[in-house]
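Q: Can you walk me through this model? I'd like the layout, the packing and any odd spots.

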Amino acid sequence: ALPYLQEEGGLDILEKHIDNLSSKLVEQKKASGEINSIAEEQQYIIKQKEKAKQLQKIYNQVDNFVNTILSNTSCTHYIGFLGGTKCFRYDIAVTKPYKGNRPSSPEWFTKWSAPMKEYLRDEWNFQVVNGIEADDAVCIYQTWCRDNNKNSIMCHGDKDLYQIEGNHYDIRKHTRSYVDKITAGRNLYKQ
């Protein structure tokens with residue numbers, strides 16, 4: 001991932017970084033025969049610079065998103081989870097494919113989800129969980145916090161997490177709520 005450059009002169013630093021990276025990539029592509037002319041070389045460099053600027057914009061949006069959550073929840077510590085390898089539910093769903101009725105992801109998400117996840121992992125220290133979904137990890141961690149008398153708040157946009165007793169923050173509506181044990185049970189049985 002490209003470095004997060006919010007400081008003064010950050011775009012100049014970004015341009016130098018891209019120029020350096022692009023020249024190395026151009027040399028590799030020339031050696032492999034993928035770039036055969038100066039025009040192709042210039043076009044490739046322009047595309048790389050545009051992609052880097054788009055990535056930096058996305059990284060800034062991710063930073064704003066996480067900082068807003070931290071600010072709105074007054075959290076001093078956090079742990080974030082990202083889904084890794086395929087969840088076990090895909091293997092055990094036999095009557096219907098797991099999440100088979102969901103529409104496909106928007107094009108922007110398909111294009112940028114990998115760099116966003118990489119950025120959240122590398123720059124925000126989000127934990128990648130394999131074999132389970134990120135919301136499963138949130139539930140496990142919340143249960144541990146509750147059982148060990150630790151203050152916590154689950155920040156999510158997943159209605160299924162309202163099956164878990166505790167403090168919640170809706171990342172879409174920017175609202176806080178508390179789900180008690182009885183309500184959590186009701187929500188579970190509504191599934």
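**Working through the model**

A: Take one pairing to begin with: Y169 has R176 of β5 as its bridge partner. Keep in mind that this is a predicted model.

Q: How do β4 and β5 pair, and over how many bridges?

A: They run antiparallel, with five bridges between them. The two strands form a hairpin, and four residues lie between them.

Q: Which strands make up the sheet, and in what order?

A: The order is β3-β4-β5. It is an open sheet of three strands with mixed pairing. From one strand to the next, the twist averages 25°.

Q: Where's the parallel part?

A: Between β3 and β4 (residues 166–170), which pair in the parallel sense over four bridges. M154 stands opposite H168 in β4. C155 has Y169 as its bridge partner in β4.

Q: Which strands stand at the edges?

A: β3 (153–156) and β5 (175–179). Each has a single partner strand, so one side of each is left without a neighbour in the sheet.

Q: And β4, is it mostly covered or mostly open?

A: Mostly covered. Four of the five residues in β4 are buried.

Q: Switching to cysteines. How many disulfides does a search find?

A: Zero, over the whole structure.

Q: Why is there no bond at C155?

A: Distance. The closest cysteine sulfur is in C75, and it is 5.4 Å from the sulfur of C155. A disulfide needs the two sulfurs within 2.5 Å, so 5.4 Å is too far for a bond.

Q: Is C155 buried or partly exposed? And C145, buried or exposed?

A: C155 is partly exposed, with a relative accessible area of 30%. C145 is buried, at 3%.

Q: Back up a bit. What's the overall layout of the chain?

A: Six helices and five strands. Starting at the N terminus, the elements run α-α-β-α-α-β-α-β-β-β-α. The chain has 191 residues, and buried residues make up 31% of them.

Q: What share of the contacts is long-range in sequence? I mean 24 or more positions apart.

A: Such pairs account for 54% of the chain's contacts with a separation of 6 or more.

Q: What's in the largest nonpolar core?

A: It has 13 residues. V62, V66, L120 and W124 have the most contacts inside it. Two elements give two or more residues to this core: α2 (38–73) and α4 (107–124). The most come from α2, which gives six.

Q: What does V66 touch?

A: Setting aside neighbours within four places in sequence, V66 is in contact with L120 and W124.

Q: What other core is there?

A: One of eight residues, lying apart from the 13-residue core. F81, A137, V138 and L161 are among its members.

Q: D135 caught my eye. Where is it, and is it buried or exposed?

A: D135 is in helix α5 (residues 134–147). The residue is buried, with a relative accessible area of 15%. The cut-off for buried is under 20%, so D135 falls inside it.

Q: What is D135 in contact with?

A: D158 and L161, leaving aside neighbours within four places in sequence. L161 also belongs to the eight-residue core.

Q: Any odd backbone angles? Which residues other than glycine have a positive phi?

A: S74 and H174 are examples. Phi of S74 is near 55°, and phi of H174 is about 60°. Most residues other than glycine have a negative phi.

Q: Where do S74 and H174 sit?

A: S74 is in the loop between α2 and β1 (81–83). H174 is in the loop between β4 and β5, in the turn of the hairpin.

Q: Exposed or buried, those two?

A: S74 is exposed, with a relative accessible area of 58%. H174 is partly exposed, at 43%.

Q: Last topic, confidence. What's the mean pLDDT?

A: The mean for the chain is 79, and 74% of the residues reach 70 or more.

Q: Which elements have the lowest and highest values?

A: Helix α3 (residues 89–92) has the lowest mean pLDDT, 56. The highest is 96, in β5.

Q: Where is the pLDDT below 50?

A: Over residues 1–11, for one stretch. In the model, this stretch has 19 contacts beyond near neighbours in sequence.

Definitions and conventions: Residues are numbered from 1 along each chain as its sequence is written. This is a predicted model: local features need pLDDT of at least 70, side-chain atom pairs count only at pLDDT 80 or more; totals for chains, interfaces and linings use all residues. Side-chain values use heavy atoms; hydrogens and water are left out. Buried means under 20% relative accessible area, exposed over 50%, partly exposed in between (1.4 Å probe, protein chains only). A nonpolar core is a set of buried Ala, Val, Leu, Ile, Met, Phe, Trp, Tyr and Cys residues joined through side-chain atoms within 4.5 Å. Contact means heavy atoms within 4.5 Å. Two strands pair if DSSP finds at least two bridges between them. Axes are lines fitted to C-alpha atoms, for helices over the stretch in contact, and angles run from 0 to 180 degrees between N-to-C directions. pLDDT is the predictor's confidence in each residue, from 0 to 100.
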